[in-house]
Amino acid sequence: WTVGLETHLLQRALLLAVVGGLLSLIVQPYQRSRLFNLYFSSYCDPQGACYQVNQARIGMGSGGLVGTGPARARSLWGFLPNAHTDFIISVIGEMFGFIGVSIIVGLFCYLIYFCGQSALQAIDPTSRLIALGGTVWLGAEALINIAQAVGIFPVTGIPLPFVSYGGTAMVMNMSLVGLLANSVLQGNLMIAESHFQRRFPEVSG
């Protein structure tokens, strides 16, 4: 869509993605079980397959409005597996409550807005594609991670950008933001140069 592809090609790509996802569910039994355990949790073993998601929900809900404080977070006592990676937002929700989670979500919204602005200010198609891809990348990772913690999406193992533990993910995300910042800088320089040339044509000539 960004590079001007025809609509029917995008529709075919979307159809192939849906068919591939359905085939994956048929071939991989553990993927079916994840979806079943998520949307039919009443039939799921709370001490088995649903233990991690249930503990994440309990931690998120027990924080209330302002949280229990860092010293009283039960998620850090071993009740929630992978609390420092996949379910870090549940720990934040328990420590700092709804307000803390809202601040994290607000920061991600601002980051996505910045990424979108960088895509609009890109000076060439390549920079525009990089900026748009970065926007989708960071936004999708944040959405999927938070959604799996509250039980909307199945657990996928995707970390929360800039928050979850992990050096490789942090380096990749920081590199991506550096590319986006460069796109914004180059766009601003081009706009400033254009204004200067229009205002002082004798100097630019």
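Leaving aside neighbours within four places in sequence, which residues is Leu160 in contact with? They are Ile88, Ile89, Ile104, Phe108, Ala142, Asn145 and Ile146. The legends below describe close-up views of a predicted model.

**Figure 1. Overview of the protein chain in the predicted model.** The protein chain holds seven helices and zero strands. Its pattern along the sequence is α-α-α-α-α-α-α. Of the 205 residues in the protein chain, 29% are buried. Among contacts with a separation of 6 or more, 62% join residues 24 or more positions apart. The exposed area of the protein chain is about 12700 Å², and 69% of this area comes from carbon and sulfur atoms.

**Figure 2. The largest nonpolar core, with 27 residues.** The residues with the most contacts inside this core are Leu80, Phe87, Ile89, Val91, Ile104, Phe108 and Leu160. Two or more core residues come from each of α3 (51–62), α4 (88–120), α5 (125–149) and α6 (167–199). The largest contribution is that of α4, which gives 11 residues. As a general tendency, nonpolar side chains in soluble globular proteins are buried together.

**Figure 3. Surroundings of Leu160, one of the core residues with the most contacts inside the core.** Beyond its neighbours within four places in sequence, Leu160 is in contact with Ile88, Ile89, Ile104 and Phe108, and also with Ala142, Asn145 and Ile146. Of these partners, Ile89, Ile104 and Phe108 are also listed with the most contacts inside the core. The backbone nitrogen of Leu160 is 2.8 Å from a polar atom of the Ser164 side chain. Met170 is 10 residues from Leu160 in sequence, and the two C-alpha atoms are 9.8 Å apart.

**Figure 4. Ser164 in the loop between α5 and α6.** Is Ser164 buried or exposed? Ser164 counts as buried because its relative accessibility is 9%, and the cut-off for buried is under 20%. Not counting residues up to four places away in sequence, Ser164 touches His84, Thr85, Ile88, Asn145 and Pro159. Two of these, Ile88 and Asn145, are also in contact with Leu160. A polar atom of the Ser164 side chain lies 2.8 Å from the backbone nitrogen of Leu160.

**Figure 5. Phe162 and Phe153 in the loop between α5 and α6.** Phe162 is not a glycine, yet has a positive phi of about 70°. The relative accessibility of Phe162 is 28%, so this residue counts as partly exposed. Phe153 also counts as partly exposed, at 31% relative accessibility. The C-alpha atoms of Phe153 and Leu143 are separated by 9.5 Å, and the two residues are 10 residues apart along the chain.

**Figure 6. Asn173 and Met170 in helix α6.** Asn173 has a relative accessible area of 3% and is therefore buried. With residues up to four places away in sequence set aside, Asn173 touches Trp137, Leu138, Glu141, Pro161 and Phe162. One of these partners, Phe162, lies in the loop between α5 and α6. Met170 has a relative accessible area of 29% and is partly exposed. In space, the C-alpha of Met170 is 9.8 Å from that of Leu160.

**Figure 7. A nonpolar patch on the surface.** Which residues form this nonpolar patch? The patch consists of Leu65, Val66, Phe98, Ile99, Ile103 and Leu107, which together have about 620 Å² of accessible area. Val66 belongs to the loop between α3 and α4. With a relative accessible area of 56%, Val66 is exposed, because the cut-off for exposed is over 50%.

**Figure 8. Tyr113 in helix α4.** Tyr113 has a relative accessible area of 52%, so this residue is exposed. The C-alpha atoms of Tyr113 and Thr135 are 8.4 Å apart, and the two residues are 22 residues apart in sequence. The helix that holds Tyr113, α4, also gives the most residues to the largest nonpolar core.

Conventions
Residues numbered from 1 in each chain as written. Predicted model: local features only at pLDDT ≥ 70, side-chain atom pairs only at ≥ 80, totals over all residues. Heavy atoms only, no water. Core = buried A, V, L, I, M, F, W, Y, C linked by side-chain atoms within 4.5 Å. Buried < 20%, exposed > 50% of the residue type's maximum accessible area, 1.4 Å probe, protein only. Helix = DSSP H or I, 4+ residues; strand = E, 2+ residues; numbered from the N terminus. Contact = heavy atoms within 4.5 Å. Polar contact = N/O pair within 3.5 Å; in protein donor to acceptor, adjacent residues only side chain to side chain. Areas by Shrake-Rupley, 256 points an atom, 1.4 Å probe, with all protein chains shown as cover. Patch = residues over 30% accessible without salt bridge, like charges linked within 9 Å, V, L, I, M, F, W, Y side chains within 5 Å. Salt bridge = Lys/Arg side-chain N within 4 Å of Asp/Glu carboxyl O.
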